[in-house]
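Biologist: Please give me a close look at the aromatic side chains and the packing around them. Keep it brisk, with the cut-offs as you go.

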Amino acid sequence: KKLDVYVTKYLGGIAVLQLPFFTAGHQYAKHSELYPADGFSLPYQVAVCIGALFYTLLGFIFLRKVLLHFFTDNTTTVTLLLIGLTTNILQYVSIDSAMSHSYIFFLYPAVLWATIKWHQKPSFLLAATIGWLIGTATICRPTEALMILIPILWNTQNKLAAKAKWLMVWSHKKQLGIFILFGLLGILPQLVYWQVVT
């Protein structure tokens, strides 16, 4: 007997990030007489749009923290306004909110901020956070795996800085293991899905 198996060809990172909002939309639809609980009706669409807005706002919050690390408050404010008003971020939040852009907009500044904080004061929590964010970004869009270059190349602008950085990394090698472990945990939902459907 032939068994039909339907496989989603898209990676599941965005679904992982959307899950809390999708779940809220599903609960609303389930207890509503107006909308079917089919994953596509209005409550799901509103929930996903709210999710995109939430992650975009988080992205701006982290981006502000990163910019303030290097620039004045005025420069940071102008930069954030220009990004918000002159790029297509409004399009991806309001109309194309189910696409990956709003979510990835959050992931990059979050990794940058966590990387800055780890280099200031290394901790297992920051190492785990950076790893998980990069793993999750990878299953949002595989090309985002390049994000791993942010923590790897941070503070390597010259030989002296690079030497000091790698000595610091080596002195916290257990945290490197945590970084790798949580990076794999970020990728794990996609691997589990592929295993189940195959």
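Modeller: Phe54 counts as partly exposed, because its relative accessibility is 40% (buried is under 20% relative accessible area, exposed over 50%, partly exposed in between, with a 1.4 Å probe and protein chains only). This is a predicted model: local features need pLDDT of at least 70 and side-chain atom pairs pLDDT 80 or more, while totals for chains, interfaces and linings use all residues. Numbering runs from 1 along each chain as its sequence is written, and side-chain values use heavy atoms, without hydrogens or water.

Next comes Tyr55. At 8% relative accessibility, Tyr55 is buried. Rings of Phe, Tyr and Trp (its six-membered ring) pair if their centres lie within 6.5 Å; planes under 30 degrees apart are stacked, over 60 edge-to-face, the rest tilted. By that rule there are ten aromatic pairs. Phe54 and Tyr55 make one of them: the ring centres are 5.3 Å apart and the planes stand at 75°, so the pair is edge-to-face. Phe62 and Phe106 make another. Here the centres are 6.2 Å apart and the planes sit at 55°, so this pair is tilted. It joins distant parts of the chain. Phe62 is in helix 2, Phe106 is in helix 5, and 44 residues separate them (helices are DSSP runs of H or I, at least four residues, and strands E runs of at least two, numbered from the N terminus). Phe106 is buried, since its relative accessibility is 8%.

Ring pairs tie these residues into a cluster: Phe21, Phe54, Tyr55, Phe62, Tyr103 and Phe106.

Tyr103 leads on to the core (a set of buried Ala, Val, Leu, Ile, Met, Phe, Trp, Tyr and Cys residues joined through side-chain atoms within 4.5 Å). The largest nonpolar core holds 30 residues. Tyr103, Leu107 and Met147 have the most contacts inside it. Helix 1 (13-30), helix 2, helix 5 and helix 6 each give two or more residues to this core. Helix 5 gives the most, with ten residues.

Now take Tyr103 itself. Leaving out residues up to four places away in sequence, Tyr103 touches Ile14, Leu17, Gln18, Val48, Gly51, Ala52, Tyr55 and Ser97 (contact is heavy atoms within 4.5 Å). Apart from the largest core lies another, of seven residues, including Phe60, Leu63, Leu80 and Phe105.

Phe60, Leu63 and Leu80 also appear where helix 2 meets helix 3. On the helix 2 side are Phe60, Leu63, Arg64, Leu67 and Leu68. Facing them in helix 3 are Asp73, Thr76, Thr79, Leu80, Ile83 and Gly84. Helix 2 spans residues 42-70 and helix 3 spans 73-86; they pack at about 145°, with axes 9 Å apart (lines fitted to C-alpha atoms over the stretch in contact, angles running from 0 to 180 degrees between N-to-C directions).

Back to helix 5, residues 101-120, which also carries Thr115. Thr115 is buried, because its relative accessibility is 0%. Beyond four places in sequence, Thr115 touches Ile130, Ile150, Pro151 and Trp154.

Last, helix 6, residues 124-140, where Ala127 lies. Ala127 has a relative accessible area of 5%, so it is buried. Outside four places in sequence, Ala127 touches Trp118, Gln175, Ile178 and Phe179. Ala127 and Leu181 are 54 residues apart in sequence, yet their C-alpha atoms are 9.7 Å apart in space.
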